[in-house]
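Please find below some comments on the strand pairing and helix packing of the structure. They are set out as numbered points.

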Amino acid sequence: MSFTIRVLSDPPRSAPALDGETILASLLEAGVPFPHNCQSGNCGACKCELVEGDVLELPYSEYALSPEERSRNLILACRTQVWGDCTVRPLEADETVLHPSRVMRCRLVGAVDLTHDIKQLELAVEAGGPYSFSAGQHAKLKFGPGIPERSYSMANRPDAGILEFFVRQMPRGQASGYVFTSLHLGDAVTVSGPLGNAYLREGHRGPILAVAGGSGMAPIISIVETAFAAEPNRHVHLYFGVRDERDVFFESRLVELARRHPNLALNVLLSQPGGATTRRAGLVSDAVEADFSSLDGFKAYLAGPPPMVEALQSTLTRKGMALRDVHADAFYSQAEDAFNVS
Ligand SMILES: Cc1cc2nc3c(=O)[nH]c(=O)nc-3n(C[C@H](O)[C@H](O)[C@H](O)COP(=O)(O)OP(=O)(O)OC[C@H]3O[C@@H](n4cnc5c(N)ncnc54)[C@H](O)[C@@H]3O)c2cc1C
């Protein structure tokens with residue numbers, strides 16, 4: 001039995017539903033462009049309206065699709081299989097940004113140890129550019145033959161010439177392990193992108209809550225510096241959560257940023273301080289909970305480990321923030337997803 005998936009885009013498109021595959025996988029396989037990101041029900045980038053059709057939904061995170069959204073017939077294309085012909089309508093994103101999708105040959109021109117387990121990589125685009133992206137987006141990096149492609153967020157401002165990425169070494173991680181043991185200055189790296197919806201909404205002029213956990217500082221510093229370039233007096237509350245003192249990085253750059261922009265409130269937190277500290281201790285989600293009675297008019301940008309991002313999403317929802325004002329990239333690991341998601 002073969003079914004058809006229709007997409008009410010402009011122009012309308014269609015694709016055959018592949019046996020046992022999701023709507024998103026069938027569309028991408030047929031070359032039909034459709035917004036997507038994590039492909040594992042965690043990010044919400046492929047959220048769309050199910051106009052008609054019988055479907056079977058696989059488990060997904062409620063932060064990607066809330067029960068209220070599901071009651072309005074919204075689904076995640078990456079977690080939905082079809083049982084008959086079906087029609088979906090992509091959502092109109094707020095401030096949609098469309099950058100051309102590129103596959104670029106880049107060269108490693110700089111590598112700096114930011115901490116014991118985070119490296120900053122600087123890449124020069126050699127072929128396949130020009131590359132344009134919005135602050136907060138990410139790309140897929142392929143470091144060498146046999147090394148799986150992985151997502152990393154751009155840490156530089158979009159108008160900078162060199163691309164910067166922060167890579168945290170994961171225990172037994174394939175791509176990050178390769179970066180720490182075998183990647184050398186002058187090596188070629190393939191960069192494909194840009195991807196992702198957790199980008200700076202440039203039309204919003206209200207205050208910003210920006211929260212980074214560890215290497216999540218990459219998209220957050222790009223967002224904050226881009227926001228200040230457009231409006232130096234912007235009110236920005238920046239929280240940087242790390243485990244212990246040795247995990248803090250970029251502090252002088254952040255302090256200098258706060259000196260130049262008096263409306264930047266900087267908070268560095270240690271979640272597991274190993275000794276006495278003058279810094280604030282605890283989780284960034286608890287700090288945000290304690291520090292704000294109202295987040296009216298704010299937009300929040302969150303990036304880092306999934307438990308941190310998920311805790312903050314609940315905190316912000318409890319504080320009354322609408323999901324459309326919370327832009328989050330949880331750094332889900334593709335390898336772990338492959339094992340955790342049925
Ligand atoms: C949108 C997005 C943006 C991101 N941005 C960044 C960024 O800016 N910086 C950054 O450092 N990371 C970022 N990440 C995470 C990054 O993409 C990788 O997931 C991360 O670097 C780990 O990749 P790896 O190949 O090194 O590890 P993998 O090989 O994918 O392994 C990851 C973990 O899974 C475990 N694992 C592997 N195989 C198994 C198995 N069989 N069973 C159980 N566990 C297993 C490994 O031990 C390891 O700890 C981002 C992720 C997303 C989704």
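1. Two strands count as paired if DSSP finds at least two bridges between them; helices (H or I, at least four residues) and strands (E, at least two) are DSSP runs, numbered from the N terminus. Ala139 stands opposite Tyr152 in β11, and 4 bridges join β10 (residues 138-142) to β11 in antiparallel fashion.

2. The model is predicted: local features need pLDDT of at least 70, side-chain atom pairs count only at pLDDT 80 or more, and totals for chains, interfaces and linings use all residues. Residues are numbered from 1 along each chain as its sequence is written.

3. An open, antiparallel sheet of 6 strands follows the order β11-β10-β13-β8-β9-β12. Its edge strands, β11 (150-153) and β12 (163-168), each pair on one side only.

4. Helix α3 (residues 174-181) packs on this sheet, touching β9 (118-127), β11 and β12; contact requires C-beta atoms, placed from the backbone, within 7 Å. The direction of α3 makes about 105° with that of β12 (axes are lines fitted to C-alpha atoms, for helices over the stretch in contact; angles run from 0 to 180 degrees between N-to-C directions). Helix α4 (residues 217-230) lies across β10, β11 and β12, at about 145° to β12.

5. Strand β15 (residues 236-242) has 7 of its 7 residues buried (20 or more other C-beta atoms within 10 Å of the residue's own, all placed from the backbone). Val236, Leu238, Phe240 and Val242 point one way, and His237, Tyr239 and Gly241 the other.

6. β15 pairs in parallel with β14 (residues 208-213) over 6 bridges and with β16 (residues 264-270) over 7. Gly241 stands opposite Gly213 and Leu269.

Conventions:
Two residues are in contact if their C-beta atoms, placed from the backbone, lie within 7 Å. A residue is buried if 20 or more other C-beta atoms lie within 10 Å of its own, exposed if 12 or fewer, and partly exposed in between; C-beta atoms are placed from the backbone.
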